[in-house]
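Student: I'm new to this structure and would like to learn how to read its pockets and its ligand. Could you walk me through it?

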Amino acid sequence: MSQVADNLNVIRARIKQLSIDAGRTSDEVQLIAVSKTRNLTEVEQAIAAGQTAFGENTIQDALSKILLLDNPNLQWHFIGHLQSKKAKQVAEHFQWIHTVDSLKLAQKLSAAMVQHNPQKVLNCLLQVNISGEASKSGLSIDETEALLDELQQQKPPNLAWRGLMTIGVNNDEAETRNTFSALRMLRDQCRQKFNLKEFDQLSMGMSGDYDIAIEEGATMVRIGTELFGQRK
Ligand SMILES: *Cc1c(COP(=O)(O)O)cnc(C)c1O
């Protein structure tokens, strides 16, 4: 068995145990394997071990793998900052984007879906910068509500609003927990206020903090290092 397969089994068991300990069912949390910077062989090892959902943060790095693998069973998640001129590539090759942070980007993604992938719907998460750190991209809480309000009025076609994403605060457990629980509350509030039935996803937690994220209600954890090893 490959090292990646070994790691995958350890992570799956850990996600399951953390979910049960948090009083959640063991299948509530989806593992997104963050394959950015990894080569095709590493991704194939994860696929051989049953992984289907992968996260990438640049179009170029992602397309080299997506096109070569050409596997309709895989689910690709865009998790990086997206320039709106690259909306077409996301619309064509990804099923999810976790990093929508402006009306303009939403409109570009919608137009690209209508033109290039009209039979499908792109699942979208809004990226929120809960902690307000200047170094991080994402919407403030107020901006998140304002954007959802706009989207409810405009209803750009071929996009499904599925929830929120955030990146945790490094190295501070209490602050990380506060960030994740604030994201959960914001999702619940938005879901109710805007009557969004499918707005049920919380993408939060990476290698260093996914335990806290699962305790705080994550439905997707994005794990790279613990699965594939340190990035070079
Ligand atoms: C790289 C990355 C991850 C994975 O981080 P690890 O610490 O390697 O698990 C998760 N989310 C985003 C947005 C990333 O860019």
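Tutor: Gladly! Let's start with residue classes: Ala, Val, Leu, Ile, Met, Phe, Trp, Tyr, Cys and Pro count as nonpolar, Asp, Glu, Lys and Arg as charged, and the others, Gly among them, as polar. In this predicted model, the shell around the ligand divides into five nonpolar, three polar and three charged residues.

Student: Which residues surround the ligand?

Tutor: They are Val34, Lys36, Ile79, Met165, Met206, Ser207, Arg222, Ile223, Gly224, Thr225 and Arg231.

Student: Which polar side-chain or backbone atoms lie 2.8 Å from an oxygen atom of the ligand?

Tutor: One is a polar backbone atom of Gly224, and another is a polar side-chain atom of Arg231. In addition, an N or O atom in the side chain of Lys36 is 2.7 Å from a ligand oxygen. On its own the ligand has 390 Å² of accessible area, and the protein covers 89% of that.

Student: How do I find empty space, and where does the ligand sit?

Tutor: Rolling a probe the size of a water molecule over the atoms shows where empty space is left. Here the ligand sits in the largest pocket, which holds about 580 Å³ of space. Its lining has 29 residues, with Ile167, Gly168, Asn170, Met206 and Arg222 nearest the centre. By class, that lining has eight nonpolar, 14 polar and seven charged residues.

Student: What about the second largest pocket?

Tutor: That pocket has about 360 Å³ of space and 15 lining residues, including Pro72 and His93. Helix H3 (59-69) and helix H4 (87-93) each give two or more residues to the lining.

How values were computed: Residues numbered from 1 in each chain as written. Predicted model: local features only at pLDDT ≥ 70, side-chain atom pairs only at ≥ 80, totals over all residues. Heavy atoms only, no water. 1 Å grid on protein atoms, 1.4 Å probe; cavity = no way out; pocket = protein on both sides within 12 Å on 5 of 7 lines; lining within 4 Å. Points joined across faces, edges and corners; volume = space filled by probe spheres on them. Helix = DSSP H or I, 4+ residues; strand = E, 2+ residues; numbered from the N terminus. Near = heavy atom within 4 Å. Polar contact = N/O pair within 3.5 Å; in protein donor to acceptor, adjacent residues only side chain to side chain. Areas by Shrake-Rupley, 256 points an atom, 1.4 Å probe, with all protein chains shown as cover. Sits in = over half its atoms within 2 Å of the grid points.
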